[in-house]
Each structure stands twice: as C-alpha cells, then as structure tokens.
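Me: Please take a close look at how charged side chains are placed here. Keep it at first-year level, and show me what surrounds them.

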Amino acid sequence: MAGDPFLYLSDDGKSSLFLSDLEVDRAKQQSQVDEVVRTAELKEAFENSGATLSEDATQRTAQLIGVVAKERGLSGFEVPASFPVSLADALRGNGLGVTWVSGPFVPERVVKTPDEIASIRRAIEHTEAAITAAIEQLRAADVRDGVLHENGAPLTAEAVRFTINRELLDRGCVGYDSIVAGGEHAVDPHDRGSGPLDTDRPIILDVFPRDLASRFHGDMTRTVVKGRASDEVKRMFDAVKAAKDGAEAALCDGVDGWDVHAGVVKTFEDAGFVTEKRDGRMVGFFHGTGHGLGLDVHEAPRLGKAHDIMRAGHVVTVEPGLYYPGVGGMRLEDDVVITKDGCENLCTLGYELEI
C-alpha cells in the first residue's frame, strides 16, 4: 500500500514499480516485484534529452511513461478499465497506444492462496466480534415507547456503529461506513442508518472492515429484532436464510454465478416475495447475490446478472436480501471459499432474529 501515486509495469514477465523517493525504500523491502525504480531517474532522463517537463501533472506523468516506453521499446500499454481518461488521452497524444482490459486487470488476485484465505478468515473473525458486540448492546437496551434506550437516552444507529468501529480498532481493523440500519432506513440496502432504533423492527448490521495487518477484508451481515418480530418479518427471515443456504449449496468450481443468482430469485418468488417497482421505488430483491472479497471489499467474481464462472479458490460473499417499505429490510451475509466440490463457509456466527 503506497501513500503516493506510483506506476506499475509488467513487460515480458518482468514486473517493475516506479515510485517517489518517499516510497522507494519501503517498496524494496515489502514489494514482490522484480525491480523498483525512482521516478526521479525518469525525470533526469527526460530532462537530459533536452525536453522540458510539463507543469500539468497529467502531461508530466505521460512524459515520464514515455521515457519508460522509449527505454524498453514499447509502443503502447494495456490498462485497467478504471484508468484515467485524461492520462490515456495524454499518452495517445504522445504517440503511445492505450488499450483498456475488461475484467480483473490482475487475474492472479481472483484466486486466493491458502495464506490469503487465512488472512480473510482472520478478518472475518474480527468482523464477527464486532457484530456480536453490536448485538449484545442491542440486547441489553431498554425499551420505552417503542424505542431502544441506553443509559436513559435513545439508543441510536450512530452509537451502535461506534461500538462496532471501536471493537474493530481494538482488533487492528478499520471499519468503513458500517451499516446499522433500522426501520425504514433498512429498506435501502446501502443506507448506513441514523437516529433512534425502534423495537420490534428489523435492524440490519452489515460490517466490512479491513484488517490493517494483512489489508484483507471481511464482510458479514446479520439482521436482528429487539423484541417481537412480526409474522411477515419472520417469513422474510426464513426466506432469506433459505435463499442463502440454497446459494451456498449450489456454489462449486465451474458453476455460473448467474445461475446461482437465478436460484436465489426463484426461492424468493416461490416464497411469495415479489420484486417490482412500487410507488417509484424497487421492492423485494433487487441487488446481486454476492461478490468477490479480498484486498478490496468488492472485487471479481460476481454472483448476479453476469456470467462469472466460479473457480476453486475464489472467495465470495453470499448476501440475499428483501426490502419492503412499512415492513423493513432483511439481509444475511456470509463469506465462502469455492472448492472443487462445493464451498466452505468461513463464518461461524449464528443466525438469531429475535434478541
């Protein structure tokens, strides 16, 4: 992980990093590339040619990349789809070809090694501890006039999120935008949640921290009700759990993520949960079933409306959900590693609706 921008080049089996002087020594110690180069050397080579570096940062970067291309006899580059348009245009303006590559730019990251899976498993353990701390805080809360209270004041989503993030920090992790969404907030899958939490309504706890030691993520969701869940909420919980179990049973090396997602959709439809637009907003199940997990919290492959083929060593989330205004949201999420004959759930935290 570098604090400053850097260039990475893979050419004919040789990997190179080009960094500022601030990052060079650390890169030599920690990176696994074949070569670490100071960008100052590129600047010197460019200026020694009699040319003047541009004052524009993008043009200057393109000029330095041009030095690399000239020294190594390269006429162009393949870049990730997220590559900046401005830099691509500058490189093309300097006579270099730029072609973007769809899909994972570093495919080696998609299939995890045993050590990487162990790192993800540790991140998950920390995630489970944080969710458990949140559930215990909710369980201990008092109920007054339909609102949860703690120490005489309403218990808010912000207070529970603080508990989650404090637990993560104590464990050497950082939580980003952890979701504590109750009531109508839970109807929007990416609403972080705010304000006092109600009794008898679902509260979604979605936590996806990064372990600072390994840089790998965990990503888990539990939905709980402090008090009594309605019959409709119980039906939603049972349907989501059945959909998640069915998806995990279908996952194995060679299966199409589209087919796994379609199975989840069918489970919900068979249970009577319709996905449609009502009053201008979507209700039901309207997001993907899961995504890859690793150094990024969202990465390839996907379990959704794309034909991504699962391979042994992929680590993916499985997170079906249902969302209905006036009732609430319901989501359960675990992380699994694909094996030749199935998948292994890396999570151990149970599923408890009423607390």
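Reply: Arginine 26 is partly exposed, with a relative accessible area of 31%. Partly exposed lies between two cut-offs: buried is under 20% relative accessible area and exposed is over 50%, using a 1.4 Å probe and protein chains only. This is a predicted model, where local features need pLDDT of at least 70 and side-chain atom pairs need pLDDT 80 or more, while totals for chains, interfaces and linings use all residues. Residues are numbered from 1 along each chain as its sequence is written, and side-chain values use heavy atoms, without hydrogens or water.

Which side chain does arginine 26 meet in a salt bridge? The partner is glutamate 23, at 2.8 Å from N to O. A salt bridge means a side-chain nitrogen of Lys or Arg within 4 Å of a carboxyl oxygen of Asp or Glu. Side chains of opposite charge can pair when their charged atoms come close. Glutamate 23 is buried, at 9% relative accessibility. The two residues are three apart in helix H1 (residues 21-30), so about one helical turn separates them. Helices (H or I, at least four residues) and strands (E, at least two) are DSSP runs, numbered from the N terminus.

The structure holds 23 salt bridges. Another one joins glutamate 299 and arginine 109, at 2.9 Å from N to O. Glutamate 299 sits in strand E17 (residues 299-303). Arginine 109 sits in the loop between strand E5 (97-101) and helix H5 (114-140). The pair therefore ties together parts that are 190 residues apart in sequence. Glutamate 299 is buried, at 9% relative accessible area. Arginine 109 is partly exposed, at 33%.

Next comes arginine 121, which forms a salt bridge with glutamate 344. Their closest N and O atoms are 3.3 Å apart. This pair also links distant parts of the chain: arginine 121 is in helix H5, glutamate 344 is in strand E22 (residues 343-345), and their positions lie 223 residues apart in the count. Both ends are partly exposed: arginine 121 at 30% relative accessibility, glutamate 344 at 36%. Salt bridges can also share partners, and in this way Arg109, Lys112, Asp296 and Glu299 are joined into one network.

Now for a charged residue without a salt bridge. Arginine 210 lies in strand E12 (residues 210-211). Is arginine 210 buried or exposed? Arginine 210 is buried, yet has no salt bridge. The nearest side chain of opposite charge is aspartate 296, 4.3 Å away. For charge, Lys and Arg count as positive and Asp and Glu as negative; His and the chain ends are not counted. What does the side chain of arginine 210 reach? The answer is the backbone oxygen of arginine 215, at 3.0 Å.

The surroundings come next. The protein has eight helices and 22 strands. Buried residues make up 46% of its 355 residues. Along its principal axes, the C-alpha trace spans about 75 × 45 × 40 Å. Take contacts between residues at least 6 apart in sequence, where contact means heavy atoms within 4.5 Å. Of these contacts, 62% join residues at least 24 apart.

One open sheet has three strands in the order E1-E2-E3, with mixed pairing. Two strands pair if DSSP finds at least two bridges between them. Strand E1 (7-11) and strand E3 (35-38) are the edge strands, each pairing on one side only. Neighbouring strands of this sheet are turned by 20 degrees against each other on average, direction ignored. Such angles come from lines fitted to C-alpha atoms, for helices over the stretch in contact, and run from 0 to 180 degrees between N-to-C directions. E1 and strand E2 (residues 14-19) run antiparallel and are joined by five bridges. Serine 10 has serine 15 in E2 as its bridge partner. Helix H2 (residues 39-48) packs on the sheet, touching E2 and E3, and its direction makes about 55 degrees with that of E3. Helix H3 (residues 57-72) packs there too, touching E1, E2 and E3, at about 20 degrees to E1.

Another open sheet runs E6-E7-E8, with antiparallel pairing. Strand E6 (142-144) and strand E8 (153-154) stand at its edges with a single partner strand each, so one side of each has no neighbour in the sheet. Strand E7 (residues 147-150) pairs with E8 over two bridges. Histidine 149 has proline 154 in E8 as its bridge partner.

Definitions and conventions
A polar contact is a pair of N or O atoms within 3.5 Å; within protein, one must be able to donate a hydrogen and the other to accept it, and residues adjacent in sequence count only if both atoms are side-chain atoms.
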